[in-house]
Amino acid sequence: MKGRNMTRWRDPAKDPRQEPKSNLITAEGAERLRGILDHLSRVKRPALSTKVGEAAALGDRSENADYTYNKKELNRVIARIRYLTKRLDELTVVDRLPADTGKVFFGAFVTLEDEEGEEMRIRLVGHDETDTTKRWISVDAPLAKALLGRALDDEVTVAAPGGETSYVITEIVYRDPQA
């Protein structure tokens with residue numbers, strides 16, 4: 001089978017995209033996704049529908065770039081609305097602190113110190129709210145998996161592309177989701 005839709009074959013057992021993702025999300029992450037869904041549904045989709053209607057009224061659609069662009073954009077927005085609606089139904093909102101706040105669990109802000117003494121502060125969040133600029137990592141990431149259940153002053157070793165890296169947990173903080 002040849003064609004433009006062919007992709008490289010990947011072994012399903014080794015493909016990282018096939019790994020199950022956790023369906024956890026923080027309360028503020030769920031609120032952010034609901035806000036995006038609301039904006040797309042109430043503002044963006046009606047505006048694009050109007051633009052497509054106006055462009056279609058101009059006549060020949062085959063050579064109408066405005067129609068073609070807005071129709072593609074409308075389809076993209078509709079697909080995003082469908083995805084967010086389905087995803088929000090699947091997610092489990094974690095809206096309480098863990099029983100033992102002295103250990104690393106979902107939603108924790110963790111300060112790590114590496115072998116050179118440099119500190120790094122990360123937060124363990126759901127797959128849908130990862131943000132590299134804020135250093136929010138997915139709870140499914142290798143570093144997060146190594147940290148889960150660990151306490152203050154525990155040493156954690158993680159396999160990294162440059163070799164194994166060791167960290168010491170120097171601080172564990174939780175933000176109260178009810179606040």
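**Figure 1. Strand E3 and its partners.** In strand E4, Met120 is the bridge partner of Leu112. This pair is a good place to start looking around the predicted model. Strand E4 covers residues 119-125 and runs antiparallel to E3, to which five bridges join it. Together E3 and E4 make a hairpin, with four residues between the two strands. Look in the turn for Gly117, whose phi is positive, at about 90°. E3 also pairs with strand E7 (residues 163-174), again in the antiparallel sense, and here the bridges number seven. One residue to pick out in E3 is Glu113, which has Val168 as its bridge partner in E7. How many of the seven residues of E3 are buried? Six are, so strand E3 (residues 108-114) is mostly covered.

**Figure 2. The annotated C-terminal span.** The UniProt record, an unreviewed entry, places the feature "domain: Transcription elongation factor GreA/GreB C-terminal" at residues 101-173. In this model, 47% of that span is strand and 8% is helix. If you pick the C-alpha atoms at the two ends of residues 101-173, you will find them 8 Å apart.

**Figure 3. Helix H1, its kink and its buried side.** Helix H1 takes in residues 27-56, and a simple length check works nicely here. At 1.5 Å a residue, its 30 residues should span 44 Å, and the end C-alpha atoms lie 42 Å apart, which agrees. The helix does have a kink of about 40°, and the kink is centred on Leu40. Is Leu40 buried or exposed? Leu40 is buried, as are other H1 residues including Gly29, Ala30, Leu33 and Leu37. Further along H1, Leu48, Val52, Ala55 and Ala56 are buried too. What do the buried residues of H1 pack against? Their partners are strand E1 (24-26), helix H2 (65-90) and strand E2 (92-94).

**Figure 4. Tyr67 in helix H2.** This close-up centres on Tyr67, a residue of helix H2. Tyr67 has a relative accessible area of 15%, and as this is under 20%, Tyr67 is buried. Leaving aside neighbours within four places in sequence, Tyr67 is in contact with Val52, Ala55, Ala56 and Arg61. Val52, Ala55 and Ala56 are among the buried residues of H1. For a sense of scale, try Pro142, which is 75 residues from Tyr67 along the chain. The C-alpha atoms of Tyr67 and Pro142 are separated by 45 Å.

**Figure 5. Where the two domains meet.** The chain is divided into domain 1, residues 22-93, and domain 2, residues 96-173. Between the C-alpha centres of domain 1 and domain 2 there are 34 Å. The contact involves 11 residues of domain 1 and nine residues of domain 2.

**Figure 6. Ala151 and Asp153 in a shared loop.** Ala151 sits in the loop between helix H3 (142-147) and strand E6 (155-160), and Asp153 also has its place between H3 and E6. How exposed is each of them? Ala151 is partly exposed, with a relative accessible area of 22%, whereas Asp153 is exposed, at 59%. Not counting residues up to four places away in sequence, Ala151 touches Gly102, Lys103, Ile169 and Ile172. Ile169 is 18 residues from Ala151 along the chain, and their C-alpha atoms are separated by 7.3 Å. For those who like to check backbone torsions, Asp153 has a positive phi, near 70°, in a residue other than glycine.

**Figure 7. Arg135 and Ser138 around strand E5.** Arg135 lies in the loop between E4 and strand E5 (136-138). Its phi is near 65°, a positive value in a residue other than glycine. Arg135 is partly exposed, with a relative accessible area of 41%. Ser138 belongs to strand E5 itself. Is Ser138 buried or exposed? With a relative accessibility of 11%, Ser138 counts as buried. Apart from neighbours within four places in sequence, Ser138 is in contact with Val125, Gly126, His127, Thr130 and Ala144. Of these contacts, Val125 is a residue of strand E4 (residues 119-125), and Ala144 is a residue of helix H3 (142-147).

Terms used:
Residues numbered from 1 in each chain as written. Predicted model: local features only at pLDDT ≥ 70, side-chain atom pairs only at ≥ 80, totals over all residues. Heavy atoms only, no water. UniProt positions renumbered as here; feature names shortened; annotations may be inferred. Buried < 20%, exposed > 50% of the residue type's maximum accessible area, 1.4 Å probe, protein only. Pairing = 2+ DSSP bridges. Expected span 1.5 Å × (residues − 1). Bend = angle between axes of the 7 residues up to and from the residue. Contact = heavy atoms within 4.5 Å. Domains from an automatic or database assignment.
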